[in-house]
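User: Can you walk me through this model? I'd like to start with how the helices pack.

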Amino acid sequence: MSDRNGDIAVIGAGIVGIACAYYLAKGRASSKIVIIDPRAPMSLTSAASGENYRNWWPHPIMTAFTDYSIDLLEEISREHDSRIHMSRRGYALATREARPEQLLRELQTGYGPEGAPRIRVHEGASAPSYTPPVSADWRDAPEGVDVLQNRHLIRRHFPTFDPEVSTILHIRRAGDISGQQLGSLMLEQIRAKGGILAPARVTEIARQQDGFVVTARGPDGEDKIRAAIVVNAAGPYVADIARMLGESLPVENIFHQKIAFADNLGAIDRRMPFSIDLDGQAIDWTNQERQLIEEDPATAWLARPMPGGIHCRPEGGDLGKWIKLGWAYNRTPSEPRDDLPTDPNFPDIVLRGASRLNPRLKQYYGRLPRQITHYGGYYTMTKENWPLIGPMKTKHAYVAGAMSGFGTMAACATGALCAGWVLGKRPEFAERLSLSRYNDEIFVRQLRESASRGVL
Ligand SMILES: Cc1cc2nc3c(=O)[nH]c(=O)nc-3n(C[C@H](O)[C@H](O)[C@H](O)COP(=O)(O)OP(=O)(O)OC[C@H]3O[C@@H](n4cnc5c(N)ncnc54)[C@H](O)[C@@H]3O)c2cc1C
């Protein structure tokens with residue numbers, strides 16, 4: 001048996017596994033925690049994250065969950081002297097619809113029955129109560145949501161956006177953090193409390209009377225690690241670990257990509273919030289390009305209508321130059337692989353798509369800088385796009401997964417909820433985020449049938 005035996009074995013050193021270990025170490029000081037992962041911490045999906053956060057969701061439980069996570073992020077930011085670079089200029093959700101009734105209904109539903117005072121509608125050409133996102137400091141930012149529904153007002157505050165935009169939902173408790181800093185800060189604390197990292201891949205888990213024997217293969221060969229409790233935080237491989245326990249999880253993996261490059265032409269205002277074009281579109285190809293694209297069955301889909309949700313934001317602070325663009329248009333699940341299937345056409349596709357809301361990006365058509373970063377990773381999702389946090393069927397085994405496109409923002413709440421399940425103390429909404437929600441078929445069906453599942 002290994003000298004790496006622990007009371008708790010956390011499988012996966014992405015932001016979710018690390019956050020689980022962090023809150024478990026905080027809540028149960030005497031436990032020895034071992035995090036098992038063959039990769040460097042934070043190097044798989046967590047390295048591809050856009051690192052954005054928001055408390056805007058179409059359901060009040062998801063709003064409460066992310067609000068809780070943002071509370072914890074703010075606490076960490078305060079305690080560690082802003083090391084996680086938490087900013088808060090909000091999310092600007094833009095649409096050309098003047099009266100987006102469905103969107104506004106979802107906004108009200110998402111903030112719940114008590115949420116009405118959090119929503120401020122501005123219909124006039126001036127809005128004295130609207131605070132533009134001048135400061136990036138999360139401590140200065142307003143709460144709630146500003147709904148801008150006047151084109152003059154929108155032009156004044158978002159002068160570089162497509163002039164056809166008629167409504168902007170400016171979500172104020174939203175911004176970005178450094179997920180990598182968050183992960184390394186948590187790892188330091190875990191190690192300070194005696195926790196260790198075991199660089200090995202879990203290949204088998206055997207249930208024994210007093211816990212588990214986890215077989216893990218590392219650079220020095222096979223090891224047997226004993227633990228009373230197992231936490232499955234294996235990201236895209238969460239279902240594989242479940243299978244080792246004889247269980248199945250209702251998750252699928254969908255590959256998504258993003259790019260980052262230096263905006264040397266100054267197309268994007270450094271103070272622009274994380275901006276999302278909600279409207280579907282036909283990509284802006286020239287007639288000649290369109291013809292070529294349509295002729296090839298492999299690319300013909302690019303000439304058809306594309307979904308909304310394309311996003312853009314400045315990266316690296318007010319004095320930086322980089323910008324990030326992303327578009328979660330893929331809808332086809334696939335088996336996760338370590339050699340990621342990044343599409344060489346993606347940079348051009350996302351640039352063209354993002355240029356609809358930010359026409360100044362058109363300057364980069366055909367001339368994207370050579371030093372472009374192109375990332376990818378899997379959204380590991382349930383059909384309803386809610387996470388799975390809590391007990392598995394196997395006694396003393398827990399899951400923290402299906403974190404889709406929200407695992408960075410929700411990591412702290414996920415870690416705290418997982419620790420809450422282990423230690424017996426958790427908020428009311430925890431049950432709905434666990435596997436036990438599937439006992440309520442009507443609830444799950446309603447979630448799956450709702451118009452929006454909050455995917456961005
Ligand atoms: C393009 C993109 C953009 C995103 N943008 C955002 C965003 O803006 N905001 C946000 O909040 N979220 C975002 N996300 C989502 C976020 O990145 C993920 O939800 C989060 O990183 C998931 O973390 P994780 O720890 O569950 O998974 P991972 O980071 O994938 O970690 C899982 C770990 O488990 C390990 N593992 C797997 N199998 C085994 C095994 N058998 N034995 C041992 N270890 C194993 C892996 O090696 C890996 O290190 C984005 C995701 C993508 C793909």
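Analyst: Sure: α1 passes α6 in a left-handed crossing, meaning the near helix is turned anticlockwise from the far one by less than a right angle. This is a predicted model, where local features need pLDDT of at least 70, side-chain atom pairs count only at pLDDT 80 or more, and totals for chains, interfaces and linings use all residues. Residues are numbered from 1 along each chain as its sequence is written, and side-chain values use heavy atoms, leaving out hydrogens and water.

User: At what angle do α1 and α6 pack?

Analyst: About 35°, with the axes 9 Å apart. Axes are lines fitted to C-alpha atoms over the stretch in contact, and angles run from 0 to 180 degrees between N-to-C directions.

User: Which residues of α1 and α6 meet?

Analyst: Among them are Ile18 and Tyr22 in α1, and Leu182 and Met186 in α6. Contact here means heavy atoms within 4.5 Å. By class, that contact has ten nonpolar, three polar and no charged residues.

User: New topic. How many residues surround the ligand?

Analyst: 38, and the closest are Asp37, Thr45, Ser46, Gly50 and Met409. A residue is near if one of its heavy atoms lies within 4 Å.

User: What lies 2.5 Å from an oxygen atom of the ligand?

Analyst: A polar side-chain atom of Ser46. A polar backbone atom of Met409 is 2.7 Å from a ligand oxygen. Polar contacts are pairs of N or O atoms within 3.5 Å.

Technical notes:
A polar contact is a pair of N or O atoms within 3.5 Å; within protein, one must be able to donate a hydrogen and the other to accept it, and residues adjacent in sequence count only if both atoms are side-chain atoms. Helices (H or I, at least four residues) and strands (E, at least two) are DSSP runs, numbered from the N terminus. Ala, Val, Leu, Ile, Met, Phe, Trp, Tyr, Cys and Pro count as nonpolar, Asp, Glu, Lys and Arg as charged, and the others, Gly among them, as polar.
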